[in-house]
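Q: I am new to this model and would like a close look at a single part, the way its aromatic rings are arranged. Please take me through it slowly, and then place it in the wider chain.

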Amino acid sequence: MVPTQNPTIIVPARLASVRFPRKLLADAGGKPLILRTAERIKEQVPEFDLYFAVDGDELKSLLESSGYNVIVTPPHLSSGTDRIAIANRILKRDLLINVQADEPMVMRDQILMLAEALSHKDVSISTLASIFQSEEDFRDPNQVKVVMDNNGHALYFSRAPIPFARDSKTGSLPGHSIYAYKHMGLYGYKKEFLEEFVSSEAGELERIEKLEQLRALQSGFRIAVKITEFASVGVDIPEDLQKIDFS
């Protein structure tokens with residue numbers, strides 16, 4: 001089953017960043033990081049409508065001067081999902097895809113997988129995951145784990161290394177796991193979900209783990225998880241920019 005219409009991509013963007021202040025304006029091979037992400041999306045999926053939901057005039061001016069569509073959203077919003085929901089009250093699109101502003105290497109196949117998963121009637125959200133490549137990554141609380149049911153729907157997301165292997169004979173999970181996968185911060189949403197999400201309060205699981213997708217699960221929404229062989233390349237700290245070839 002394929003969508004009759006491509007979802008609209010909205011990139012939520014704000015300058016505030018605890019670990020990397022003003023990250024989206026950082027130099028990425030001679031251009032601001034957010035422009036690298038914008039150019040990558042247009043290159044990979046030119047047939048998709050693209051908008052940026054920003055938190056102020058600085059990002060707005062930069063993006064608009066480069067020819068991109070921008071919607072200014074309140075700076076106090078607590079998550080990218082909230083920012084997309086507010087922007088879509090203007091756009092009124094039925095299907096949306098969230099690409100993070102600090103993901104300058106996003107791939108066409110990843111976006112198409114999100115769109116395909118979102119086309120199913122029983123799914124409100126789609127997202128991606130990949131196989132963990134090391135024990136260190138699996139133990140890292142900044143790399144979110146997801147476990148799924150037999151139909152590829154999310155059961156739980158956690159910063160903890162789940163599931164816990166009580167029996168040592170279970171073997172090593174990272175690297176070839178069929179149990180827990182590395183969650184990637186790319187999402188597809190249906191409009192109805194976004195409207196309910198933005199008017200809801202964070203649940204206890206979200207408050208504990210600081211993962212907004214847990215609010216959706218705790219509220220009973222179904223999240224389809226697609227496995228990709230291509231891990232995401234995000235920028236969390238300044239050193240990450242040195243690992244990316246922008247040539």
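A: Ring pairs link Y187, Y189, F193, F197 and F221 into a cluster, where rings of Phe, Tyr and Trp (its six-membered ring) pair if their centres lie within 6.5 Å, and planes under 30 degrees apart count as stacked, over 60 as edge-to-face and the rest as tilted. This is a predicted model, in which local features need pLDDT of at least 70 and side-chain atom pairs count only at pLDDT 80 or more, while totals for chains, interfaces and linings use all residues. Residues are numbered from 1 along each chain as its sequence is written, and side-chain values use heavy atoms, with hydrogens and water left out.

One member of the cluster, F197, also has a charged neighbour: R215 lies over the face of F197, at 3.9 Å from the ring centre (the rule asks for NZ of Lys or CZ of Arg within 6 Å of the ring centre and within 35 degrees of the ring normal).

Across the whole structure, the search finds 6 aromatic pairs. Among them is the edge-to-face pair of F52 and Y68, whose centres are 5.8 Å apart and whose planes make an angle of 70°. Because F52 belongs to strand 4 (residues 50-54) and Y68 to the loop between helix 2 (57-65) and strand 5 (69-72), this pair ties together parts that are 16 residues apart in sequence; helices (H or I, at least four residues) and strands (E, at least two) are DSSP runs, numbered from the N terminus. F52 counts as buried at 0% relative accessibility, and Y68 is buried too, with a relative accessible area of 15% (buried means under 20% relative accessible area, exposed over 50%, partly exposed in between, with a 1.4 Å probe and protein chains only). Back in the cluster, the rings of Y189 and F193 have their centres 5.8 Å apart and their planes at 20°, so this pair is stacked. Both Y189 and F193 are buried.

Strand 10 (181-190) appears again in the surroundings of helix 4: the buried residues of that helix pack against strand 10, and also against strand 1 (8-13), strand 6 (95-98), strand 7 (125-130) and strand 11 (223-227), contact meaning heavy atoms within 4.5 Å. Helix 4 itself (residues 108-118) has Q110, I111, L114, A115, A117 and L118 as its buried residues. These residues cover an arc of only 165° around the axis, so they sit on the same side of helix 4, the arc being that of the directions from the helix axis to the C-beta atoms.

Two residues in other helices round off the picture. N88, in helix 3 (residues 80-91), counts as buried at 5% relative accessibility, and, not counting residues up to four places away in sequence, N88 touches R93, L96 and K191. R207, placed in helix 7 (residues 204-209), counts as partly exposed at 39% relative accessibility, and under the same exclusion of residues up to four places away R207 touches E201 and A202.

As for the wider chain, its secondary structure comes to 9 helices and 11 strands, and buried residues make up 49% of its 247 residues. Of the contacts in the chain with a separation of 6 or more, 70% are accounted for by residues 24 or more positions apart. The C-alpha atoms of the chain fill a box of roughly 60 × 40 × 35 Å, taken along the principal axes.
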